[in-house]
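User: I would like to go through this model step by step, from its overall form down to single residues. Please begin with the overall dimensions.

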Amino acid sequence: MQISKESLSGYILEEVLAYLIRTTGYELLVDPKQDPRELDRRGNGLVIKGRGAVHQVDVLGELKWIPAFTFPLRLIVEAKFRKNKTGIDVVRNAVSVVLDVNQNNSPTREQKIFSPKYQYVYAIFSTSGFTKPAMDLAIAHQISLIDLSVSEYAQLRDAIERAASDILKIDNREQKIDNREQLVSRLRNTLRKKLGTFPEHLDVNGSLELPDSYCRYLDPVISTAKEEYKELFVGMANGPFMLLLKSNNPDRFLNFAKQRPSHRVSITWSYPENKVWRIGPADAPDEYELSFKLPERLYKWIFDTEKKRKKRALCVKKEYFSNITIYRYERENDYLFRLRFDPEATQKYISRR
């Protein structure tokens with residue numbers, strides 16, 4: 001089969017992430033029928049047509065609404081499940097893909113006068129963090145990096161790693177699937193159907209799934225995603241950072257945010273894992289809690305000296321996290337939440353602890 005446990009774990013993680021961030025308004029693109037002009041299929045994989053080449057994409061989503069002053073957005077998601085930090089080579093590939101597909105605009109006489117044009121963006125998730133060169137290149141070219149190495153995601157990482165290991169063992173023993181491409185394709189189809197991320201308007205009857213003997217190893221992953229995590233929220237900060245927000249109770253957060261779409265919040269870091277920062281409403285600190293992994297570049301700048309860390313932390317909150325915007329799409333309704341950092345409320349919260 002010649003597929004590593006790390007690669008298979010990454011494929012599973014990509015599909016789980018597509019489920020967990022499903023309410024951010026992105027619909028999965030899984031078939032060239034959804035856009036014959038820009039999408040195609042090579043073997044068992046979906047590809048995007050660029051100006052100079054075609055590029056395989058594992059998870060591709062299209063935003064249901066169009067932000068002002070831009071083309072409709074499409075998000076390419078890639079996940080790395082490794083022991084070592086994700087390096088510059090992965091980011092360099094993302095940069096080249098985005099550059100090529102965004103320049104694919106060569107109309108011919110046969111085309112319509114106004115052909116759809118999309119703005120492609122790229123997000124890379126890593127269970128082991130990123131190297132400094134990778135982070136520098138990503139910031140320069142607006143590639144979003146999301147670090148899943150913190151303890152908040154340990155339960156999900158463990159479930160995925162066990163599933164990948166068990167699937168490879170049974171595949172080597174029973175050899176029911178001919179090649180790597182078929183295994184990955186069936187794996188994605190199975191997870192998309194079980195997680196409900198397969199686009200409803202597409203015919204899924206012809207999409208091959210994994211045999212039942214394989215599927216039972218995915219059940220713990222699915223239950224962990226649905227029961228322990230439920231959903232993750234994506235927050236856009238002032239700077240070049242996309243924040244993946246995990247709530248201690250998603251329903252309570254949503255109930256509060258829907259009643260108060262724009263509200264003041266406190267932002268603190270937790271001990272001893274000061275890489276994880278927490279957000280809570282200023283007027284009702286116990287109502288909900290959102291946690292996120294502080295981007296590594298900001299973390300190193302704040303905590304490289306004991307004397308200045310409080311001053312630098314406040315500076316980062318004011319500069320980058322003064323307004324965090326969360327978009328959510330639910331049952332054809334659009335919600336926009338704005339979390340406004342309040343320094344005084346934060347200080348009061350810290351003094352009470």
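User: What radius of gyration does the protein have, with its 353 residues?

Analyst: This is a predicted model, in which local features need pLDDT of at least 70 and side-chain atom pairs count only at pLDDT 80 or more, while totals for chains, interfaces and linings use all residues. Residues are numbered from 1 along each chain as its sequence is written, and side-chain values use heavy atoms, with hydrogens and water left out. The C-alpha atoms fill a box of roughly 60 × 55 × 40 Å along the principal axes. For 353 residues a compact globule would have a radius of gyration near 20 Å (taken over C-alpha atoms, the rule being 2.2 Å times the number of residues to the power 0.38), and the protein agrees with this, having 21 Å.

User: What percentage of the 353 residues is buried?

Analyst: The secondary structure comes to eleven helices and 15 strands, which are DSSP runs numbered from the N terminus (H or I of at least four residues for helices, E of at least two for strands). Buried here means under 20% relative accessible area, with exposed over 50% and partly exposed in between, using a 1.4 Å probe and protein chains only. By that criterion the buried part of the protein is 52%.

User: Which strand is joined to β6 by eight bridges?

Analyst: Strand β6 (residues 73-80) is mostly covered, with eight of its eight residues buried, and this holds on both faces, Leu73, Leu75, Val77 and Ala79 lying on one side and Arg74, Ile76, Glu78 and Lys80 on the other. Strands count as paired if DSSP finds at least two bridges between them. Strand β5 (residues 59-63) pairs with β6 in the antiparallel sense over four bridges, with Gly61 as the bridge partner of Leu75. The parallel partner over eight bridges, in which Val77 stands opposite Ala123, is β7.

User: Why is β7 described as largely enclosed by the rest of the structure?

Analyst: On its other pairing, β7 is joined to strand β8 (residues 144-147) by four parallel bridges, and Phe125 stands opposite Ile146 there. Together with helix α3 (residues 132-140), β7 and β8 make a β-α-β unit that is right-handed (with the strands pointing away from the viewer, the path from the first strand over the helix to the second runs clockwise). Strand β7 spans residues 119-126 and is largely enclosed because the number of its eight residues that are buried is six.

User: Which element supplies the largest share of the largest nonpolar core?

Analyst: A nonpolar core is a set of buried Ala, Val, Leu, Ile, Met, Phe, Trp, Tyr and Cys residues joined through side-chain atoms within 4.5 Å, and the largest one has 53 residues, with Ile12, Phe125, Leu187, Leu218 and Leu244 having the most contacts inside it. Elements that each supply at least two residues include α1 (5-20), β6, β7 and α5 (180-195). The largest share, nine residues, comes from α1.

User: How many residues are in the second, separate core?

Analyst: In the surroundings of Leu187, leaving aside its neighbours within four places in sequence, the residues in contact (heavy atoms within 4.5 Å) are Leu8, Tyr11, Ile12, Ile167, Leu210 and Leu218. The second core is separate and includes Phe233, Trp269, Ile302 and Ala313, its number of residues being 30.

User: Which residue takes a positive phi in the hairpin of β14 and β15?

Analyst: Strand β15 (residues 333-341) is joined to strand β11 (residues 262-269) by four parallel bridges, where His263 stands opposite Leu339. Strand β14 (residues 323-330) runs antiparallel to β15 over eight bridges, and Tyr329 stands opposite Asp334. The hairpin has two residues between the strands, and the residue with a positive phi near 50 degrees is Arg331.

User: Is Glu231 buried or exposed, and what is its relative accessible area?

Analyst: Glu231 lies in the loop between α7 (219-229) and β9 (233-236). Its side chain makes a polar contact of 2.8 Å with that of Thr23 and another of 2.8 Å with that of Arg328; such a contact is a pair of N or O atoms within 3.5 Å, and within protein one must be able to donate a hydrogen and the other to accept it, residues adjacent in sequence counting only if both atoms are side-chain atoms. Not counting residues up to four places away in sequence, Glu231 also touches others, including Leu20, Pro250 and Leu254. Glu231 is buried, with a relative accessible area of 6%.
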